[in-house]
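The following exercises concern a ligand site and the strands of a protein model. Each task is followed by a solution in steps.

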Amino acid sequence: MATQRLFFALELPDALQQQLVQWRADCFAADAGKPVAAANLHLTLAFLGEVSTETAEQLQQLAARIRQPGFTLDLDDAGHWPRPGVVWLGCQRAPRGLLQLANLLRAQAARHGCAQSTQPFHPHITLLRHAAQAVALPPRGFHWRVEVSHFALFASSFTQGRTRYRRLARWPLLSAAGA
Ligand code: 2AM
């Protein structure tokens with residue numbers, strides 16, 4: 001049976017990806033960890049794992065029916081999870097719309113057999129992998145604002161030593177006027 005490794009996520013604008021890469025280079029030592037490529041910077045809403053074509057189609061049909069308002073992401077927090085070795089960028093206060101969207105997608109995924117982590121959802125953008133245990137985080141005071149108007153489904157593949165994400169579909173969130 002053909003499967004693909006899939007996840008729902010928020011994309012970041014290209015310009016912001018470039019700004020984050022520059023900021024990361026300025027703030028973190030070269031040996032702090034393995035930087036995630038600019039084009040791969042994203043915020044996962046729901047991880048599906050390896051799914052069949054049939055399940056992927058069902059989840060895409062459900063995603064297309066979602067009517068949720070867009071929201072603003074304030075990226076103003078950073079942290080380090082030593083066990084997975086991840087340094088991340090996130091929000092001191094996650095917007096309600098983000099949590100609602102992620103909860104809905106995670107519930108739909110779970111109902112279609114995609115096991116969801118029992119850990120509470122912590123929205124984040126992974127900046128570094130294989131992070132050093134003693135990595136120094138930048139002091140708070142940074143802030144990027146992102147107006148989120150879409151969410152998307154991605155396929156992840158690992159070829160020639162590189163992780164690549166390919167967008168399979170994208171759906172709009174409601175504008176403030178239509179929310
Ligand atoms: P991470 O950045 O915190 O590792 C593609 O791999 C995306 O799916 C990444 O954002 C990754 O989160 C997330 N992901 C991978 N495996 C996962 C899992 N078992 N549970 C939740 N998210 C996962």
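**Exercise 1. The ligand shell**

Which residues surround the ligand? Classify them by character and assign them to strands.

*Solution.* The model is predicted. Step one is to list the shell: Arg5, Phe7, His42, Thr44, Phe47, His124, Thr126, Arg129 and Tyr165 surround the ligand.

Step two is the classification. Three of these residues count as nonpolar, four as polar and two as charged.

Step three concerns the site itself, for the ligand sits in the largest pocket. Two or more shell residues come from each of the elements β1 (3-11), β3 (42-52) and β7 (125-129). The greatest contribution is that of β3, which gives three residues.

**Exercise 2. Polar contacts and cover**

Determine which side chains place an N or O atom within 3.5 Å of a ligand oxygen, and state how much of the ligand the protein covers.

*Solution.* The cut-off for a polar contact is 3.5 Å between N or O atoms. Begin with Thr44, whose side chain has an N or O atom 2.5 Å from an oxygen atom of the ligand. For the side chain of His124, the corresponding distance to a ligand oxygen is 2.6 Å. For that of Arg129, the value is 2.9 Å.

Next, consider the surface. On its own, the ligand has 480 Å² of accessible area, of which the protein covers 67%.

**Exercise 3. The open sheet**

In what order do the four strands of the open sheet run, and why is one side of β2 and of β5 left without a neighbour?

*Solution.* First, read the order: the strands run β2-β7-β6-β5, with antiparallel pairing. Second, examine the edges. β2 (34-35) and β5 (77-81) each have a single partner strand, so one side of each lacks a neighbour in the sheet.

Third, inspect the pairing of β2 with β7, which is antiparallel and extends over two bridges. Here Pro35 has Leu128 in β7 as its bridge partner.

**Exercise 4. A hairpin**

Describe how β9 and β10 pair and what lies between them.

*Solution.* Start with the strands: β9 (residues 150-159) and β10 (residues 162-172) are antiparallel partners over 10 bridges. Within this ladder, Phe154 stands opposite Arg167 in β10.

Then turn to the connection. The two strands form a hairpin with two residues between them. Gln160, in the turn, has a positive phi of about 50°.

How values were computed
Residues are numbered from 1 along each chain as its sequence is written. This is a predicted model: local features need pLDDT of at least 70, side-chain atom pairs count only at pLDDT 80 or more; totals for chains, interfaces and linings use all residues. Side-chain values use heavy atoms; hydrogens and water are left out. A residue is near a molecule or strand if one of its heavy atoms lies within 4 Å of it. A polar contact is a pair of N or O atoms within 3.5 Å; within protein, one must be able to donate a hydrogen and the other to accept it, and residues adjacent in sequence count only if both atoms are side-chain atoms. Accessible areas come from the Shrake-Rupley method with a 1.4 Å probe; for residues, only the protein chains shown count as cover. On a 1 Å grid over the protein atoms alone, a cavity is a set of points where a 1.4 Å probe fits but cannot get out, and a pocket is an open set with protein on both sides within 12 Å along at least five of seven lines; lining residues have an atom within 4 Å of a point. A molecule sits in a cavity or pocket if more than half of its atoms lie within 2 Å of its grid points. Ala, Val, Leu, Ile, Met, Phe, Trp, Tyr, Cys and Pro count as nonpolar, Asp, Glu, Lys and Arg as charged, and the others, Gly among them, as polar. Two strands pair if DSSP finds at least two bridges between them.
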